[in-house]
Amino acid sequence: MLNVSDVIKRYGKVTACDRVTFSMEPGQVTVLLGPNGSGKSTIIKSITGFLRYNGTITVDDLPNKGVEAKRLLGYVPEMPALYPNLTVGEHMEFIARVYKLQDYKGYADELLQRFEMSDKVKKFGDELSKGMQQKLSICLGLLPQPRYLLFDEPMVGLDPHAIKELKMMMQEMRKDGRGVLVSTHMIDSVDMLWDRTVIMQGGQVRANVTRSEVEGGDKSLEDLFFEITEGTR
């Protein structure tokens, strides 16, 4: 289980995350939903260990900043961070070496094929369009097949085919018993995927609901989201 408990993150006098608490089970797609500036990216970066914070984050009961926990986590940032002088193929090889992956080439080829990148293997990072960079970033995050994969606004800049493939891969990860955490402000991009949604506003968790809870109530996820974010709750 990925567990976030009472996480506080401040930038000077600004509180970006205020006692954020939620958890994600393996085999579950959890969505962090909220408008821009609600603290979603901050909590994602806190989970990955990129930021200092107060509170507790554990990955299968391991402190998230430890090496063992980091091996269980994967991360696809909102803005791709590629090496301009490495080709697409070399990026995949680099990740494989970092994670000490064995017999990875078949899966690497499958990922590139599914995201229509097979003909870009020899292209350098700075030769790719923004959409292609995003697709490569997703392939790099998927390649180690982490137990928990964190996506920050993954649909932005993707073409329809890539969005379809990404959604299918999220469903496949769920069936494999792996956890997926998706941060987004676009409700319709995750409408058919989620098992649990955590709605954030002003750095706080304002709702934490399962699909069954929403479907059993009288409000849709969209209704709940706008009720919270537009200040009527």
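**Thr184 and its strand E8**

In this predicted model, the side chain of Thr184 comes to 3.0 Å from the backbone nitrogen of Met186. A reader who wants to place this pair of atoms can start from Thr184 itself, which belongs to strand E8, the stretch covering residues 179–184.

Thr184 has a relative accessible area of 1%, and because buried means under 20% on this scale, Thr184 counts as buried. Once neighbours within four places in sequence are set aside, the residues in contact with Thr184 are Val31, Leu32, Leu33, Gly34, Lys40, Glu153, Ser189 and Val190.

The strand around Thr184 can be described in similar terms, since E8 is mostly covered, with 6 of its 6 residues buried. Val180, Val182 and Thr184 point one way from E8, while Gly179, Leu181 and Ser183 point the other way, and all of these residues are buried.

The next step is to look at the strands that pair with E8. Strand E3, made of residues 29–33, pairs with E8 in the parallel sense over 5 bridges, and within this pairing Thr30 has Leu181 of E8 as its bridge partner. Strand E7, made of residues 148–152, also runs parallel to E8 and is joined to E8 by 5 bridges, with Phe151 standing opposite Val182 of E8. Between E7 and E8 the chain passes through helix H6, residues 160–175, in a β-α-β crossover that is right-handed.

Methods. Residues numbered from 1 in each chain as written. Predicted model: local features only at pLDDT ≥ 70, side-chain atom pairs only at ≥ 80, totals over all residues. Heavy atoms only, no water. Helix = DSSP H or I, 4+ residues; strand = E, 2+ residues; numbered from the N terminus. Buried < 20%, exposed > 50% of the residue type's maximum accessible area, 1.4 Å probe, protein only. Polar contact = N/O pair within 3.5 Å; in protein donor to acceptor, adjacent residues only side chain to side chain. Contact = heavy atoms within 4.5 Å. Pairing = 2+ DSSP bridges. Right-handed = clockwise from strand over helix to strand, strands pointing away.
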